[in-house]
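Subject: The structure I promised you

Hi,

Here is the structure we talked about, with some notes on what turned up in it. Have a look at it first, and then read on.

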Protein chains: 2
Amino acid sequence: MPPREEAEGAGRSLNHPKPEEIRIENVLHALSDPIRLRIVGELDDRHEDMACVAFGLPVSKSTSTHHFRVLRDAGVIRQQYHGTSRISRLRRDDLDTLFPGLLAAVLQAANRTP
Amino acid sequence: MPPREEAEGAGRSLNHPKPEEIRIENVLHALSDPIRLRIVGELDDRHEDMACVAFGLPVSKSTSTHHFRVLRDAGVIRQQYHGTSRISRLRRDDLDTLFPGLLAAVLQAANRTP
């Protein structure tokens, strides 16, 4: 019986790569899209967990879900259920350990872009 | 009459984005592939111009040409003809000016990956 898992979403836990499974090419692919860069930028700006709906993305719900999934599968964000909402946070520590300087350089570059 | 152009390939010049046309999402996409990361890593290691054939890539000629084109169109490399060979070089200065720290972080990450 996993009480923590249950508290977080009644078994609806989402798959995430372990740190050693995170590949640089997948991370770069995940970041190579304006919407996904915006999501990562907002998570970085706010330094907190955010529900998907809080981003106000200019795309449909299914497209939004797709973008979050690409980020999650690549190891860029972690998502968990709080009630019926998926809450996202940057995997900043994992990324900074695996690829020092990468996230900071990408976020700086993305902020520069109009 | 462009004497320089003619000396470099008799009019067969290749298109490259100007620095202000280089977009972070295109650069990240160009770098999100193991073969293209290898090309960029070798250009970085050798600090010189290289002909495509010098890379010894484990892919067909047409696939190789495709990868070089993706890198060129994104603004990651510059290519020019020397006789019948296309010679490539990293656009290190442009990338470092536009996206400080990005290329170094990606190259460091790529070297770490087995």
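Let me start with a small puzzle: which residue in E3(B) is the bridge partner of Gln80(B)? The partner is Ile87(B). Before I go further, please keep in mind that this is a predicted model, and the values below are computed from it.

**The sheet in chain B**

The pair in that puzzle belongs to an open sheet of 3 strands in chain B, which has the order E1-E3-E2 and antiparallel pairing. Its edge strands are E1 (50-51) and E2 (77-82) of chain B, each of which pairs on one side only. Between E2(B) and strand E3 (residues 85-90) of chain B there are 6 bridges, and these two strands run antiparallel.

**The sheet in chain A**

Chain A also has an open sheet, with 3 strands in the order E1-E3-E2 and antiparallel pairing. Here the edges are strand E1 (50-51) and strand E2 (77-82) of chain A, each pairing on one side only.

If you would like to trace the pairing by eye, these are the places to look:

- E2(A) is joined to strand E3 (residues 85-90) of chain A by 6 bridges, and the two run antiparallel.
- Ile77(A), for one, stands opposite Leu90(A) in E3(A).
- His82(A) has Ser85(A) as its bridge partner in E3(A).
- The hairpin of E2(A) and E3(A) has 2 residues between the strands, and Gly83(A) takes a positive phi near 65° there.
- E1(A) pairs with E3(A) over 2 bridges, in the antiparallel sense.
- Ala51(A) has Ile87(A) as its bridge partner in E3(A).

**How the two chains are related**

Chain B can be superposed on chain A by a rotation of 180° with 0.0 Å of shift along the axis, and the RMSD is 0.0 Å. That is the relation of a two-fold axis. The contact takes 23 residues from chain B and 23 residues from chain A. Of the interface residues of chain B, 100% are also interface residues in chain A, so the copies meet through the same surface.

**What the interface is made of**

The size of an interface is often given as the accessible area lost when the parts come together. For chain B and chain A, that buried area is about 1,800 Å², with 69% of it on carbon and sulfur atoms. Which elements give two or more residues to the side of chain B that touches chain A? They are helix H2 (24-31), helix H3 (34-46) and helix H6 (102-112) of chain B. H6(B) provides the largest share of that side, with 7 residues. Sorted by class, the side of chain B that touches chain A has 14 nonpolar, 5 polar and 4 charged residues.

And how many salt bridges cross the interface of chain B and chain A? The rule finds 0 of them. The count of residue pairs in polar contact between chain B and chain A, with both at pLDDT 80 or more, is 0 as well.

**Salt bridges in the structure**

Side chains of opposite charge can pair when their charged atoms come close. Over all chains, the structure holds 14 salt bridges. One to look up is in chain B, where Arg38(B) forms a salt bridge with Glu42(B), the closest N and O atoms being 3.6 Å apart. Both residues lie in helix H3 of chain B, with Arg38(B) and Glu42(B) 4 residues apart, about one turn of the helix.

Happy browsing, and all the best!

Conventions. Residues numbered from 1 in each chain as written. Chains lettered and ligands numbered in written order. Predicted model: local features only at pLDDT ≥ 70, side-chain atom pairs only at ≥ 80, totals over all residues. Heavy atoms only, no water. Least-squares fit on C-alpha atoms with pLDDT ≥ 70 in both. Contact = heavy atoms within 4.5 Å. Buried area = accessible area lost by both parts, 1.4 Å probe. Salt bridge = Lys/Arg side-chain N within 4 Å of Asp/Glu carboxyl O. Polar contact = N/O pair within 3.5 Å; in protein donor to acceptor, adjacent residues only side chain to side chain. Nonpolar A, V, L, I, M, F, W, Y, C, P; charged D, E, K, R; others polar. Pairing = 2+ DSSP bridges.
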